Amino acid sequence: TGIAPNGETLHFSAAVPGCVHTDMLKIGKILNPFWRDNSKACAWIENLDWVYEREFEYIDSIDKASEDVFITFCGLDTYCDIILNDIKIASAENMFIPHRFCINRVLNRDKNKIKVYFRSPIKAIEHMPKRDGHFTTERLNTRRMQCTYGWDWVDRFVTCGIFDDVFIERKSACEIDNVHIYTQTVDEKYATVEINVILSNEDAEKLFDVIILSPNGTEIFHKSGRAVEKTQYFTATVKNPELWFPRGYGQSPLYELIVRLYDDGGMAHNECKENFGIRTVRIIEIEDAPESEYYQKCIELKKSPQVSNYNSHWDRNNTFSGFILQINNINIMCKGACWVPCEPFPSEVSRGKIRNILETAAEANVNMIRVWGGGMFEKDFFYDECDRLGIMVTQDFLMACGNYPDNEQWFLDELKKEAEFAVLKLRNHPCLVWWSGDNENAVAADDCMPQYPGRSIVRNVIEPIIKKFDYARPFLPSSPYGGVPFGSITYGTTHNTNFLGTMFAYIKNTDMKDYKQYFGQYLSRFVAEAPTMGFCSINSMLKFLSYDDIFMGDESMLRFHTKNNPHEYYREVGLYDYMRMFAQKTMGGFKDTEDMIYKMQAAQYEWVRITLELYRRNKWFSSGVIFWMLNDCWPASGSWSLIDYYGTPKAAYYAFKRAAKNVICSINCKNEKCGFFVSNDSLNKFSGKMTIYALYKDEIYKEETDFSVGENTIRLVFETGKFNS
């Protein structure tokens, strides 16, 4: 129930999981908010309060003196009070965590009535002080999905609702609370696996079994214990372990851990099952020796425009260091993209859509996804699929691009709950290779600063929880992180989105005839956010725009679905205009609208190709490129994604697929010479014959050379100045 702006009382059946927007769409009270600019007509929803209510029967017996009965809400968005049988049992104010409340003292044996009163997420925080940050900043005072307040790739959708499952369960005093399994050591013959079984309480009358099944289902470990202590530890030695590797480096087999707790009569009381992979993970950061090849390359990089144009603000390092991820002691070349929520309304996220995006990514040789901090901790199914597909995940905690209230106790308390929930939820997944404390809050900071945005939250709240519950996995205090400042290019990870101002100035103010050389200089040790932008297909556009919107000369709807950024370099020229200029200057003038759209796709293809080939040619000086971004959150005509909202690959996707193959050849022309490089990301050696053809003034020139390239390495196999003209 809610009150519309015209005073009408809105009373309608709601779906759970669901939200106000999706329910009102189903009954025709709002138009499709994704079609054209309909989203503007439903903006009023965010300012209202809403009530969910229903009756239900509870048929189990209730012993109010000894039994514990809980109601669990897996997703509440966001500010609400829960009333059961006219008694307020709890309040909630955090979208990112499940909420569980004991109800055995208010639950009736038969009929019950529950109400959830949602307060407007806008009005709930309007009394709070304004905070600094990018985009609209009221979000910084609210623990809900940040990007749906509007970003430069999604419209504003601030809603309310019960967006995930709700269930009632009975709990005994002693149950399996959580299990933790991780690989301690591994070699070709044996792996040592540590298992922690955490019980809700001790009960000396109960027994439990700990079982490990191999990837083919064979039992390879079985231990029994008595529930005398709340936490018990086991060590399993696995002979001839089948190791989990990321995509491109081997298979990704999964073992299964089963823990069963038995009651007094020997019946299984409850059970916990977890898939896991046997693998170790570490990050290698070795400082470059003075005057070494890598050291000299860093000196040159500091002279590049994105650094020197800002008086070296973006790189004040005097020492330089690599950043290499190792899985099972093997150096991994990380190739991937950032994940954003695939729907603005979390209740609408389906397994099918997640599977389609991830399998499409895997087909393009993506082996790493960064879950961005302005979204959500994704559904369990997302991480299960990444385990299965061999796609590594780096996980941000849920803060992005702002100065959060880290001096307020309520915020610290909520972050602690989020961190404990996320770590316990995700720590058994082999796909998860490191945590990041936030997204870009501390991009201009360094470790010698006594205070910077996010420092006290990350160091005093999040990091201690990780060290307590997930100590075997690396943790980076922010993304990017490393060096002076954290966003620097010669130490640790960086975000090349930091340099969009310089890139856009180049697009706007030059003829871009040297665009291959220009974008071929944005090198770093590891880029966790590399921007590219381009259009989706006409077929996808016709799902949210009319034919006339696209082809009849009025570009207003195309622009509406290409969201903008409030930063100063977007004020006169928007993202749509930069894409248009990029395409026109590099691909030539537009013959018609269809040609324009094609070229605005092709330009992104080129940007992705140039960037990924650059990092492949500089393998182990650079060890990873993660593009901004993999997928879209709403139907965007132009955006940063490789795969559009409907799961359809954009042109840039195919550039990634081609340039991310295990073995590629790429060409770099510099100083009147052309170098031909073969990059091998596999664990096999390759040899063959390279034939080079050049067309010049209607004549074809030809060169041939034999080559070989070792496993997991890069080699310059041929260099010539003959073809440079």
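User: Which residues form one aromatic cluster with F34 here?

Analyst: In this predicted model, F34 shares one aromatic cluster with F157, F345, F544, F560, W634, Y645 and Y646.

User: Thanks! And how many aromatic pairs does the count come to?

Analyst: The count comes to 49 aromatic pairs. One of them is Y481 with F486, a tilted pair at 4.7 Å centre to centre, with 50° between the planes. Y481 and F486 are both buried.

User: What about the rings of F519 and W607, how are they arranged?

Analyst: Their centres are 4.7 Å apart and the planes of F519 and W607 meet at 45°, so this pair counts as tilted. F519 sits in helix α9 (residues 515–519) and W607 in helix α14, so the pair ties together parts that are 88 residues apart in sequence.

User: Are F519 and W607 buried or exposed?

Analyst: Both F519 and W607 are buried.

User: What else is F519 in contact with, leaving aside neighbours within four places in sequence?

Analyst: Besides W607, F519 is in contact with M503, Y506, I507, M512, F582, I610 and L614.

User: Where does F519 stand in the largest nonpolar core?

Analyst: That core has 160 residues, and F519 and W153 are the two that touch the most other members. Helix α14 (residues 593–617) gives the most to this core, with 10 residues. Another core lies apart from it, with 30 residues, including V20, L48, V69 and I114.

User: Switching to helix α5: why is it called largely enclosed?

Analyst: Helix α5 covers residues 380–389, and seven of its 10 residues are buried, so the rest of the structure largely encloses this helix. The buried ones are F381, F382, Y383, E385, C386, D387 and L389.

User: Nice, and what covers those buried residues of α5?

Analyst: The cover includes two helices, α4 (351–363) and α6 (409–426), along with β22 (334–339), β23 (368–371) and β24 (392–396).

User: Which residue follows α5?

Analyst: That would be G390, and its phi is positive, near 75°.

User: Now the outside. Which residues make the nonpolar surface patch of about 340 Å²?

Analyst: L542, Y547 and M552 make that patch. L542 belongs to the loop between α10 (538–541) and α11 (547–551).

User: Why does L542 count as partly exposed?

Analyst: Its relative accessibility is 37%, and partly exposed is the class between under 20%, which is buried, and over 50%, which is exposed. L542 therefore falls in that middle class.

Methods: Residues are numbered from 1 along each chain as its sequence is written. This is a predicted model: local features need pLDDT of at least 70, side-chain atom pairs count only at pLDDT 80 or more; totals for chains, interfaces and linings use all residues. Side-chain values use heavy atoms; hydrogens and water are left out. A nonpolar core is a set of buried Ala, Val, Leu, Ile, Met, Phe, Trp, Tyr and Cys residues joined through side-chain atoms within 4.5 Å. Buried means under 20% relative accessible area, exposed over 50%, partly exposed in between (1.4 Å probe, protein chains only). Helices (H or I, at least four residues) and strands (E, at least two) are DSSP runs, numbered from the N terminus. Contact means heavy atoms within 4.5 Å. Patches are made of residues with over 30% relative accessible area and no salt bridge: like charges are joined within 9 Å, nonpolar side chains (Val, Leu, Ile, Met, Phe, Trp, Tyr) within 5 Å. Accessible areas come from the Shrake-Rupley method with a 1.4 Å probe; for residues, only the protein chains shown count as cover. A salt bridge is a side-chain nitrogen of Lys or Arg within 4 Å of a carboxyl oxygen of Asp or Glu. Rings of Phe, Tyr and Trp (its six-membered ring) pair if their centres lie within 6.5 Å; planes under 30 degrees apart count as stacked, over 60 as edge-to-face and the rest as tilted.
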